[in-house]
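Let's walk through this structure together, from a single side chain out to the whole fold and back again. Have your viewer ready.

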Amino acid sequence: MSLNGLHLRLLVRSVPGAGKTHLSATFPHFYAIITIPGEEDTWKVRPDLAANCVKQVYAAAESPQDTKRMFTELATQLAEAKKLAREEQVETLIIDNLTH
């Protein structure tokens, strides 16, 4: 995100239900990569938040053996988000949810 030349990079970490997805959806012109289906419901039910969404895509492995395909897909999605950012269509990248 850029505010008069100020660039922010955030990692938001907390317990389930704390509002991480809601917070991220308040940032302008976001590209969302969803790894757990349903996380996008946060902005789908709120028109004011949905208006911030440029694009949402899914990157989830179906099984442990599917992980390589998922990372290839994720790389493609990140490249698209970067391209849209260069075209000034995207200001925020959301990757929701990273589990470790």
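A residue is called buried when its relative accessible area is under 20%, exposed when it is over 50%, and partly exposed in between. Keep in mind that you are looking at a predicted model. With those cut-offs in hand, is Ile-36 buried, exposed or partly exposed? Its relative accessible area is 35%, so Ile-36 counts as partly exposed.

Where does this isoleucine sit? Ile-36 belongs to the loop that links β3 to α2 (41-44). If we set aside neighbours within four places in sequence, the contacts of Ile-36 are with Asp-96 and Asn-97. You can also draw a line from Ile-36 to Ala-61: these two are 25 residues apart along the chain, and 9.7 Å separates their C-alpha atoms.

Now let's zoom out to the fold. Four helices and five strands make up the secondary structure of the protein chain. Reading from the N terminus, their order is β-β-α-β-α-α-β-α-β. Of the contacts with a separation of 6 or more, 54% are between residues 24 or more positions apart.

What about the overall dimensions? The C-alpha trace spans about 45 × 30 × 25 Å along its principal axes. A compact globule of 100 residues would have a radius of gyration near 13 Å, and the protein chain, at 14 Å, agrees with that.

Next, the interior. Of the 100 residues in the protein chain, 26% are buried. Which residues form the largest nonpolar core? There are nine of them: Tyr-31, Ile-33, Val-57, Ala-59, Met-70, Leu-74, Ala-81, Leu-84 and Val-90. Two elements, β3 (30-34) and α4 (67-86), each give two or more residues to this core, and α4 supplies the largest share, with four residues. Leu-74 is a good place to centre your view: beyond its neighbours within four places in sequence, Leu-74 is in contact with Ile-33 and Ala-59. There is also a second, separate core of seven residues, among them Phe-30, Ala-32, Trp-43 and Leu-49.

Finally, let's turn to the surface and the charges. The protein chain exposes about 7000 Å², and 59% of that area comes from carbon and sulfur atoms. As for charge, the protein chain carries 11 positive and 12 negative charges, and the mean positions of the two sets lie 6 Å apart.

Notes:
Residues are numbered from 1 along each chain as its sequence is written. This is a predicted model: local features need pLDDT of at least 70, side-chain atom pairs count only at pLDDT 80 or more; totals for chains, interfaces and linings use all residues. Side-chain values use heavy atoms; hydrogens and water are left out. The radius of gyration is taken over C-alpha atoms; the globule rule is 2.2 Å times the number of residues to the power 0.38. Buried means under 20% relative accessible area, exposed over 50%, partly exposed in between (1.4 Å probe, protein chains only). Contact means heavy atoms within 4.5 Å. Accessible areas come from the Shrake-Rupley method with a 1.4 Å probe; for residues, only the protein chains shown count as cover. Lys and Arg count as positive and Asp and Glu as negative; His and the chain ends are not counted. The place of a charge is taken as NZ of Lys, CZ of Arg, CG of Asp or CD of Glu. A nonpolar core is a set of buried Ala, Val, Leu, Ile, Met, Phe, Trp, Tyr and Cys residues joined through side-chain atoms within 4.5 Å.
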